[in-house]
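This report introduces a single protein chain to a reader who has not met it before. Please look over the sequence and the structure first, and then follow the sections in order.

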Amino acid sequence: MVRVCQLHGQLGLLMSVLRMQSQKDLFMKHHNTADGRIKVWLGIRQIMNSTDRLLTETRDTAKELETGIHMHIAEIPYENQLIVETRGVDNGTVTYLEKIKFLQNNLLAAHTVWVNEKEIDCLAKAGVKVSHCPAAAMRMLGFSPIKEMLSAGVCVSLGTDGAPSNNRMSIVDEMYLASLINKGREVFSTGTTNPTALPAETILRMATINGAKSALWDKEIGSLEVGKKADIVVINPSSWSMMPIHDCFCAPRLIPRDMCHFTSNKYKHFQPCLLHEN
Ligand SMILES: [Zn+2]
């Protein structure tokens, strides 16, 4: 029996070494290709199917390669419940990841819905970035404490989540939804309305510079500054869908044909491309 366990342990170690090596090989082959537009990160699906060894090796490998880690964190109540029952902590995933020193500033946590005040503090102190996916939140996950995370200093950006959780995959739609559902959550949690909760300027920051910080790319993109890449979206303010404009930050619903996305290292090399075609 002891022999079988030893063999099983050695096999596990070998598999783990091979798995990490294949990640490193992919990184070496593809990272920073396509003129630096392709970045390779390490990905953990979620804690419920990850061993401690996988988590700590992923953390150490990302540090060695100087790249990021993407992981779904605290998505559903059952996840937290399972972590409490099986990993000996008094709350959920964030508490456990803090315990094993997995929380780092190169970690992008998707969703992060079911977190308490103490855990928000841990995320802020470690510099973890959070990707808020409002459509997925409404479809099945729950309402994340976005306002509280932003107040605590957590960098929160926007995401669409995968296709099964979102049939549109449009970041402009997510901007619109983020603004509304966080005002709705305010009513639910305080019993009164607050139309200034998560204002349009904050949503714009979440979609731009916070997105760039979350992708560990803010030295090059995310804001219009001298020395950064000319990565911009041009919007036609004269189309029917934009009228009337009272405040350019919260203008009426954008539709894709009003937008053009440009990206280039140099302004003279603009390469326009339509964001979507409906
Ligand atoms: Zn997801």
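Which residues have the most contacts inside the largest nonpolar core? In this predicted model, the largest nonpolar core has 42 residues, and those with the most contacts inside it are A109, L123, M149, V154 and V156.

## The chain as a whole

The chain is built with eleven helices and eight strands. Of its 278 residues, 29% are buried. When contacts between residues at least 6 apart in sequence are considered, 56% of them join residues that are at least 24 apart.

## The five-stranded sheet

Five strands form an open sheet in the order β1-β2-β3-β4-β5, and their pairing is parallel. The edges of this sheet are β1, residues 42-44, and β5, each of which pairs on one side only. From one strand to the next, the twist averages 25°.

Strands of a sheet pair through backbone hydrogen bonds, in either a parallel or an antiparallel way. Strand β3, residues 107-111, pairs with β4 in the parallel sense over three bridges, and L108 has K129 as its bridge partner in β4. Between these two strands the chain passes through helix α6, residues 117-126, and the β-α-β crossover made in this way is right-handed. On from there, β4 and strand β5, residues 155-158, are also paired in the parallel sense, over four bridges, with S131 standing opposite S157 in β5.

## Strand β4 and its contact with A109

Which residues of strand β4 point one way, and which point the other way? In β4, residues 129-132, K129 and S131 point one way while V130 and H132 point the other way, and all of them are buried. In a regular strand, side chains alternate between the two faces of the sheet.

A109, already named among the residues with the most contacts inside the largest nonpolar core, links this strand to another part of the chain. Leaving aside neighbours within four places in sequence, A109 is in contact with K129, V130 and S131, and also with M71, I73 and V128.

## Two helices and what covers them

Helix α7, residues 134-141, has P134, A135, A136, A137 and L141 as buried residues. The elements that cover the buried residues of α7 include β3, β4 and α9, the last spanning residues 171-190. After α7 comes G142, whose phi is positive, near 120°.

In helix α10, residues 200-207, the buried residues include T202, I203 and M206. These three lie on the same side of α10, because they cover an arc of only 100° around the axis. An α-helix has 3.6 residues a turn, so residues three or four places apart point the same way. The buried residues of α10 pack against α8 (146-152), β5, α9 and α11 (209-214).

## Three loop residues

Is T208 buried or exposed? T208, found in the loop between α10 and α11, is buried, because 20 other C-beta atoms lie within 10 Å. Although T208 and S157 are 51 residues apart in sequence, their C-alpha atoms are 7.9 Å apart in space. Not counting residues up to four places away in sequence, T208 touches G222 and S223.

The other two residues each have a positive phi without being glycine. E66 has a phi of about 55° although it is not a glycine, and E66 lies in the loop between α3, residues 52-65, and β2, residues 69-73. E66 counts as exposed because it has 9 C-beta neighbours inside 10 Å. A74 likewise is a residue other than glycine with a positive phi, near 50°, and A74 lies in the loop between β2 and α4, residues 77-87. Unlike E66, which counts as exposed, A74 is buried, because 30 other C-beta atoms lie within 10 Å.

Terms used
Residues are numbered from 1 along each chain as its sequence is written. This is a predicted model: local features need pLDDT of at least 70, side-chain atom pairs count only at pLDDT 80 or more; totals for chains, interfaces and linings use all residues. A nonpolar core is a set of buried Ala, Val, Leu, Ile, Met, Phe, Trp, Tyr and Cys residues joined through C-beta atoms within 7 Å. A residue is buried if 20 or more other C-beta atoms lie within 10 Å of its own, exposed if 12 or fewer, and partly exposed in between; C-beta atoms are placed from the backbone. Two residues are in contact if their C-beta atoms, placed from the backbone, lie within 7 Å. Two strands pair if DSSP finds at least two bridges between them. A crossover is right-handed if, with the strands pointing away from the viewer, the path from the first strand over the helix to the second runs clockwise. The arc is that of the directions from the helix axis to the C-beta atoms. Axes are lines fitted to C-alpha atoms, for helices over the stretch in contact, and angles run from 0 to 180 degrees between N-to-C directions.
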